[in-house]
Amino acid sequence: MRIRTLTGAVAAVLVLAGPVGPVVGGQAVAVRTADSAAPSGDTRVLTYDTGRAGEFASAVDRGAAIWNDSVDAVELRPAASGEAADIRIVVDDGWPRAVPGGLGSGTVYFGREAVADGHSTVRIAAHELGHVLGLPDRKPGPCSELMSGASAGPSCRSARPDAAERAEVEEKFARAPAGLSM
């Protein structure tokens, strides 16, 4: 779910039009639910399919939610039944990896090997989705960098992209032609 901060007349319109959350710092905070307004015209909606994600489907949903809370240029949504997804999630016994098919599309292999080694399932999901969003591995790296991946060690539980990673995704999707993968 994305939280947008709105002021003045826009906030008043939202009060009349749909759900509004708490007032934070003197500003109304609009809460967008799956049934409320669509993303802005600049937001690229990408769908993902967890039908073959096995026991990691909820971790993928949480990883997608982290990206949705972190960037405005892209929104990750579960694919509707029968809909061809931009991103497929497949569980296997190997090491997690992503095979991008272009910016915003590809297959994430959610490998059980890293989970068996103690790595966070949500961090794995967010990291591999980061590859589909155009980010490379940055190893070795600290836990504070999502794309440092396993090099941060199994004790790392941070699943949020840092400011540079968020900016890179925003910039890549701002440059990408609408409806096309890069």
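## Two strands side by side

Let's start with one pair of residues: Arg44 stands opposite Val74 in strand E5. From E4 the chain passes through H2 to reach E5, making a β-α-β crossover that is right-handed. Keep in mind as you explore that this is a predicted model.

How do E4 and E5 pair? They run in the parallel sense, and five bridges link them. One residue to look for is Val45, whose bridge partner in E5 is Glu75.

## The sheet and its helices

Now zoom out to the sheet. Five strands form an open sheet in the order E5-E4-E6-E8-E7, and their pairing is mixed. Which strands lie at the edges? They are E5 and E7 (residues 97-102), each of which pairs on one side only. On average, neighbouring strands in this sheet are turned by 20° against each other, direction ignored.

Helix H2 packs on the sheet, where it touches E4, E5, E6 and E8. The direction of H2 makes about 170° with that of E4. Helix H4 lies across E5, E6, E7 and E8, and runs at about 155° to E8.

## The nonpolar core

In soluble globular proteins, nonpolar side chains tend to be buried together. Here, the largest nonpolar core has 34 residues. Those with the most contacts inside this core are Trp67, Leu76, Ile87, Leu133, Val169 and Phe173. Both strands and helices supply two or more residues to the core: the strands are E4 (44-52), E5 (74-78), E6 (87-92) and E8 (105-111), while the helices are H2 (57-70), H4 (121-132) and H5 (163-175). Which element gives the largest share? That is H4, with six residues.

Val169 is a good residue to click on. Leaving aside neighbours within four places in sequence, which residues does Val169 contact? The list is Trp67, Val71, Val74, Leu133 and Leu135. You have met Val74 before, as the residue in E5 that stands opposite Arg44.

## How confident is the model?

Finally, a look at the predictor's confidence. The chain has a mean pLDDT of 82, and 75% of its residues reach 70 or more. Over residues 1-39, however, the pLDDT is below 50. How many contacts does this stretch have in the model, beyond near neighbours in sequence? The number is 51.

Methods: Residues numbered from 1 in each chain as written. Predicted model: local features only at pLDDT ≥ 70, side-chain atom pairs only at ≥ 80, totals over all residues. Heavy atoms only, no water. Core = buried A, V, L, I, M, F, W, Y, C linked by side-chain atoms within 4.5 Å. Buried < 20%, exposed > 50% of the residue type's maximum accessible area, 1.4 Å probe, protein only. Helix = DSSP H or I, 4+ residues; strand = E, 2+ residues; numbered from the N terminus. Contact = heavy atoms within 4.5 Å. Pairing = 2+ DSSP bridges. Axes fitted to C-alpha atoms, helices over the stretch in contact; angles between N-to-C directions. pLDDT = per-residue confidence, 0-100. Right-handed = clockwise from strand over helix to strand, strands pointing away.
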